[in-house]
Amino acid sequence: MQQNISEKDYRNILGAELSSSEIIESKINDAYNKIRNKTETFSPQERKNKHIFQKVFVWIGTAAAVFVLMILFSVTNPVLASEIPVFGGFFTKLADWFSFGAIPEKDTITLYSKDTEQNPQGENPKESPYVKTSNDITVTLTEQYATNQAIFIGVQVKNKNEFPQIAIFADGTQHLQAETAEQYSFRSDEIIALRTIEGTFEDAHTFNGILRIDYSEINVDDRKYQAACQEAEKAGKELALVDSNIDQYLEEYQIPNTFTMNLEITDIVGSLAEPIQPEGMKDGDELEHMSDDEWESYMNSLPQDYYAFPNNYEHWYQKGSWSYKLTITPKDSDSRIIEVNQTNDAGIGIKSLEISSIEMTLNTIEGTDTFAVALDADGNKMENGSSNAYELAIAGHDISKVYVYICDYTEYMDEIKGYGIPGNHLDKSFQEVLEERALFKTVIDTTK
């Protein structure tokens with residue numbers, strides 16, 4: 001199932017601290033597909049939208065290089081190898097490499113461990129349903145944890161052969177991605193997804209990471225939309241899903257207290273530390289100054305397989321079949337929803353805070369031209385843990401009191417955001433500027 005993303009969703013993603021974004025990549029690929037298909041051309045409106053894709057392409061090629069800064073780093077680094085034992089307390093040992101921080105040991109379910117005293121079934125690797133091998137790649141699910149917001153799964157990927165050097169982000173983290181086919185007991189259709197596994201390499205053969213699946217990615221019921229699309233197609237029309245008709249066509253599945261998940265991984269992908277540049281590849285500055293015709297001609301000139309995901313220019317990847325069945329029961333004593341329901345005269349505000357022991361989600365009431373930010377009780381900015389700027393990691397924060405500010409989007413990105421960068425040497429604190437310039441502000445006591 002492919003989810004349709006609203007303009008506000010794009011802003012939340014682009015407003016986040018820069019990280020790998022499957023949604024942005026997907027939308028760029030949509031533009032590429034238009035160019036590659038010789039039977040189609042850009043309409044005037046699509047030519048206008050092309051500038052958005054062009055800018056995003058430049059943004060990924062230049063801003064990503066500055067702010068995410070992938071660096072060469074040997075996967076055989078002895079420090080990493082010594083700090084991450086293979087199994088046992090897998091979540092805890094990966095806390096420094098996971099964007100949401102530590103996952104509580106309480107209510108964490110051990111799926112497979114080499115320590116048989118921690119393994120409820122006492123299986124060996126050849127018998128465990130959580131250890132699967134395909135094409136010289138062994139994928140082991142080690143632990144699982146579920147909150148009111150997401151599922152967290154410990155994943156080890158072991159390669160019989162050595163991995164190539166995989167890109168490392170400036171914060172020291174590494175990613176593998178998994179193309180998956182997922183079936184949940186509360187819905188009848190299959191979800192095809194590209195999941196990120198966050199973590200790091202133990203050695204040249206072993207990657208340890210955590211896969212997070214947000215409920216918002218699996219609870220969308222689009223059956224009405226699919227049926228309407230079929231009817232429109234019969235009539236020779238197209239039905240676009242936009243902000244104004246989302247409520248008409250999209251509903252939500254209720255996530256039950258316990259459900260089963262059939263997880264099949266069909267492809268494992270890593271971004272190369274040293275990608276191969278196709279002949280004729282332009283840099284970001286050249287791309288930004290291209291005209292419409294130059295940009296389309298340039299895109300057509302690149303090798304067609306460069307647009308594929310994965311591809312041999314940018315990725316290491318291995319296809320296979322690694323299948324698992326999990327029973328998920330969300331257990332988190334800290335999970336709660338705090339209803340706020342406050343707005344200003346313009347109707348901008350916040351509906352609720354959704355909190356677990358790992359994260360806090362801002363459920364805001366906004367238009368497409370605003371952006372929200374939250375500070376903890378000490379006035380420190382809370383950063384997003386996912387590609388959604390409103391899914392905030394709470395590790396290391398006192399959230400007994402939360403300050404929420406909603407600002408004009410452009411003003412925040414161009415002027416206000418810089419005050420929140422540590423060591424900016426500006427004359428005012430981030431919170432002082434937010435207090436002065438926010439369109440909406442409130443403080444929420446989460447202890448009540």
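Which residue takes a positive phi in the hairpin of strand 2 and strand 3? I began with this turn, keeping in mind that I am reading a predicted model. The hairpin has 2 residues between the strands, and I find that Asn-135 takes a positive phi near 50° there.

**Entry: strand 3 and its partners**

I next followed strand 3, residues 137–146, and looked up how far it is covered. I count it as largely enclosed by the rest of the structure, because 9 of its 10 residues are buried. For its pairing with strand 2, residues 131–134, I note an antiparallel sense and 4 bridges, with Lys-132 standing opposite Val-139 of strand 3. Val-139 also stands opposite Val-157, which belongs to strand 4, so I record this valine under both pairings. Strand 4, residues 150–159, runs antiparallel to strand 3 and is joined to it by 8 bridges, and I see that a hairpin of 3 residues connects the two. Strand 1, residues 109–110, pairs with strand 3 in the antiparallel sense over 2 bridges, and there I find Thr-110 opposite Glu-143 of strand 3.

I returned to Lys-132 to see what else its side chain meets, and I find it over the face of Tyr-324, at 5.2 Å from the ring centre.

**Entry: aromatic pairs**

I then searched the whole structure for aromatic pairs, and the search gave 16. I looked at Phe-98 and Phe-100, whose ring centres are 5.9 Å apart and whose planes meet at 50°, so I enter the pair as tilted. Both Phe-98 and Phe-100 are buried. Phe-98 also forms an aromatic pair with Phe-152, and here I note an edge-to-face arrangement, with 6.0 Å from centre to centre and 90° between the planes. This pair links distant parts of the chain, since Phe-98 lies in the loop between helix 5 (90–93) and strand 1, while Phe-152 lies in strand 4, 54 residues apart. I checked how far each ring residue is covered, and Phe-98 counts as buried because its relative accessibility is 4%, while Phe-152, at 0% relative accessibility, counts as buried too.

Elsewhere I find one aromatic cluster, formed by Tyr-184, Phe-186, Tyr-215, Tyr-253 and Phe-259.

**Entry: helix 6**

Lastly I turned to helix 6, residues 223–234, and compared its expected span with the model. At 1.5 Å a residue its 12 residues should span 16 Å, and I find its end C-alpha atoms 17 Å apart, which agrees. Its buried residues are Tyr-225, Ala-228 and Ala-232. Looking down the axis of helix 6, I see these buried residues fall within an arc of 65°, and therefore they line one face of the helix.

What do the buried residues of helix 6 pack against? I find that they pack against helix 7, residues 246–249. On the face turned away from the buried side, helix 6 carries the exposed residues Gln-230, Glu-231, Glu-233 and Lys-234. Just after helix 6 I looked at the backbone once more, and Gly-236 takes a positive phi of about 75°.

Definitions and conventions. Residues numbered from 1 in each chain as written. Predicted model: local features only at pLDDT ≥ 70, side-chain atom pairs only at ≥ 80, totals over all residues. Heavy atoms only, no water. Expected span 1.5 Å × (residues − 1). Buried < 20%, exposed > 50% of the residue type's maximum accessible area, 1.4 Å probe, protein only. Arc of directions from axis to C-beta. Contact = heavy atoms within 4.5 Å. Pairing = 2+ DSSP bridges. Phe/Tyr/Trp six-rings, centres within 6.5 Å; stacked < 30°, edge-to-face > 60°. Lys NZ or Arg CZ within 6 Å of the ring centre and 35° of its normal.
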